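I am opening a notebook on this structure. The entries follow the order in which I looked things up.

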Amino acid sequence: MTTGETLTSDYQQRRWQNIRKLLERPGPFCHPDFEPSAEILDFIMNSCKILVVGAGGLGCELLKDLALMGFKKIHIVDMDTIELSNLNRQFLFRKSDIGSSKAKCAVEFVNKRVPGCEAVAHHCSIQEFDDGFYRQFHIVVCGLDSIVARRWLNGMLMSLLQYNDDRSLDQSSVIPLVDGGTEGFKGNARVILPGMSACIECTLDLYPPQKTFPLCTIANTPRLPEHCIEYVKVLQWAKENPWGETTQLDGDDPQHVAWVLEKAQERALKYGITNVTYRLTQGVLKNIIPAVASTNATIAAACATEVFKLASSCCINMNNYMVLNMADGVYSYTFPAERRTDCVACSNTTRVMEIEADATLQMIYDKLCEDQAFLMKSPGITTVINGRNKTLYMSSIKSIEERTRDNLKKKITELGLYNGGDILVADITTPNTITIKLKFAENFDVDMSR
């Protein structure tokens, strides 16, 4: 053995000595199933596959932390490119990277700086992968700034669950989800065991209220100044903006903001709505969430620690939701979020929507968007009549939206829906179609077996 090889071997021994202390001897906080072994580090370094979703402020920290912990088989997914404003907190990027893929630049940086790391980048959206892609990972950890993306990912992991003949959960099909989120000096980290603990859908009320509005509301019945601004942003900009069809709406461009403001005020005047201001217009367009580097680092460290616990069982995992507040001093608190028995994602019970017998389809659509149990964005509603699928309303495809728009005004009984009947709902918040049974309010004897 040469001198260089000896130095390398000594370095490798020293590099992992602290982690070996955790993995090769027992302790008072170990998981009941933990068996100290040198093979655990080998599993972490050579077999355990981790998916990191998001390569922004949290994602950069997560990728760095996991690589330095010894994880080598890391995949990272992000569809965004690097902007100048990212550089103050997304430390894996440099000015020369502006315009390049976040995922690819992050992977190149970490693979170069951390010996042995084999991270793989995917510059695309999470929706582009099928269930086979997600099934290959042992743990998924995400640092997303989108509740919709979180809900979709949550739904995907729920769809991978398998059940035994006695309807008990096959725990080998559970892929843990570790989720982190930050907003200014506040943040949270959580551990979700699909089918076993509270999921994203179970705790939607812990997230800030949605800042988007149903398309049918902003198009047909605007009530708020935000509805008028959103109408111009979503519908009018693509058709009428004077800078050409290919120009993207920029909330930092004063000319763009002024144009949207003018059009929104015209629409507001038509519907008797007031208080459409420049400041409100810019706020709706940009939807800014403040980011602080120290908060990202703290939450990412908490998430990476939970990933290490899950992969090794060297310590019992968080139970199961941690909040951090650094606005006034430093305060953290952990509590067990509870599963909802009627959760649309992880509940095995029939999903039921109670509605008046004379309700219109518009009322069902609004309930899907506004009710805390659903909080969908742009649901498409279908049903099965005489063995054939019938589309009742779909806003995501323009041609179908135009053909089915009149159905919103019709009573649900006119559309062939009945007490105890099913509607099939698809939405961007879930990868799977959800079946919901209608229950007419004045009749409580619904035959749930139909």
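**Helix 5 and its neighbours**

I began with helix 5, where Lys-102, Ala-103, Cys-105, Ala-106, Val-107 and Val-110 are buried. I note at the outset that this is a predicted model. What do the buried residues of helix 5 pack against? I found helix 4, strand 2 (73-77) and strand 3 (120-122) as their partners. Helix 5 itself runs over residues 102-113, which makes 12 residues. Its first and last C-alpha atoms lie 17 Å apart, close to the expected 16 Å.

**Helix 4**

I went on to helix 4, since the buried residues of helix 5 pack against it. Helix 4 covers residues 57-69, 13 in number, and spans 19 Å from its first C-alpha to its last, close to the 18 Å expected. Is helix 4 largely enclosed or largely open? With 11 of its 13 residues buried, helix 4 is largely enclosed by the rest of the structure. I listed the buried ones: Gly-57, Leu-58, Gly-59, Cys-60, Glu-61, Leu-62, Leu-63, Asp-65, Leu-66, Ala-67 and Met-69. Glu-61 and Asp-65 are on that list. Just after the helix, Gly-70 has a positive phi of about 115°.

**Cavity search**

Gly-70 came up again when I searched for enclosed space, as one of the residues lining the largest cavity. The search of the whole structure gave 1 cavity of 30 Å³ or more. The largest cavity holds about 40 Å³. Its lining consists of Arg-15, Trp-16, Met-45, Ala-67, Gly-70, Phe-71, Lys-72, Val-114, Pro-115, Gly-116 and Cys-117. By class I have 7 nonpolar, 2 polar and 2 charged residues in that lining. Ala-67 is also among the buried residues of helix 4.

**Nonpolar cores**

Phe-71, from the cavity lining, led me to the largest nonpolar core. This core has 52 residues, and Ile-50, Leu-66, Phe-71 and Val-141 touch the most other members. Which helix gives the largest share of this core? Helix 12 (residues 293-312) does, with 8 residues. A second core, separate from it, has 35 residues, including Cys-124, Phe-137, Leu-144 and Met-158.

I then took the contacts of Val-141, leaving out residues up to four places away in sequence. Val-141 touches Ile-50, Leu-51, Val-52, Val-53, Leu-62, Leu-66, Val-178, Cys-303 and Val-307. Of these, Leu-62 and Leu-66 are listed as buried in helix 4.

**Helix 12 and a pocket**

I looked up Ala-311 in helix 12. Ala-311 counts as buried because its relative accessibility is 14%, under the 20% cut-off. Beyond four places in sequence, Ala-311 touches Phe-43, Ile-44, Cys-48, Phe-71 and Ile-139. I also took its C-alpha separation from Leu-22, which is 12 Å although the two are 289 residues apart along the chain.

Helix 12 appears again in the second largest pocket, giving the most to the lining with 3 residues. How much space lies in this pocket? I have about 790 Å³. The lining has 30 residues, with Gln-171, Val-174, Pro-176, Leu-193 and Leu-310 nearest the centre. I sorted the lining by class into 16 nonpolar, 11 polar and 3 charged residues.

**Asn-154**

Is Asn-154, in helix 7 (residues 147-159), buried or exposed? Asn-154 counts as buried, at 1% relative accessibility. Leaving out residues up to four places away, its contacts are Cys-199, Ile-200, Glu-201 and Ala-345.

**Backbone entries**

Last, I looked at the backbone. Most residues other than glycine have a negative phi, and most peptide bonds are trans.

- Arg-167 has a positive phi near 70°. It lies in the loop between helix 7 and strand 5 (177-183), and counts as exposed at 66% relative accessibility.
- Ser-313 also has a positive phi, about 65°. It lies in the loop between helix 12 and strand 7, and is partly exposed, with a relative accessible area of 23%.
- Asn-319 and Asn-320 are joined by a cis peptide bond, with omega about -25°. Asn-320 is in the loop between helix 12 and strand 7 (321-325).

Methods. Residues numbered from 1 in each chain as written. Predicted model: local features only at pLDDT ≥ 70, side-chain atom pairs only at ≥ 80, totals over all residues. Heavy atoms only, no water. Core = buried A, V, L, I, M, F, W, Y, C linked by side-chain atoms within 4.5 Å. Buried < 20%, exposed > 50% of the residue type's maximum accessible area, 1.4 Å probe, protein only. Helix = DSSP H or I, 4+ residues; strand = E, 2+ residues; numbered from the N terminus. Contact = heavy atoms within 4.5 Å. 1 Å grid on protein atoms, 1.4 Å probe; cavity = no way out; pocket = protein on both sides within 12 Å on 5 of 7 lines; lining within 4 Å. Points joined across faces, edges and corners; volume = space filled by probe spheres on them. Nonpolar A, V, L, I, M, F, W, Y, C, P; charged D, E, K, R; others polar. Expected span 1.5 Å × (residues − 1).
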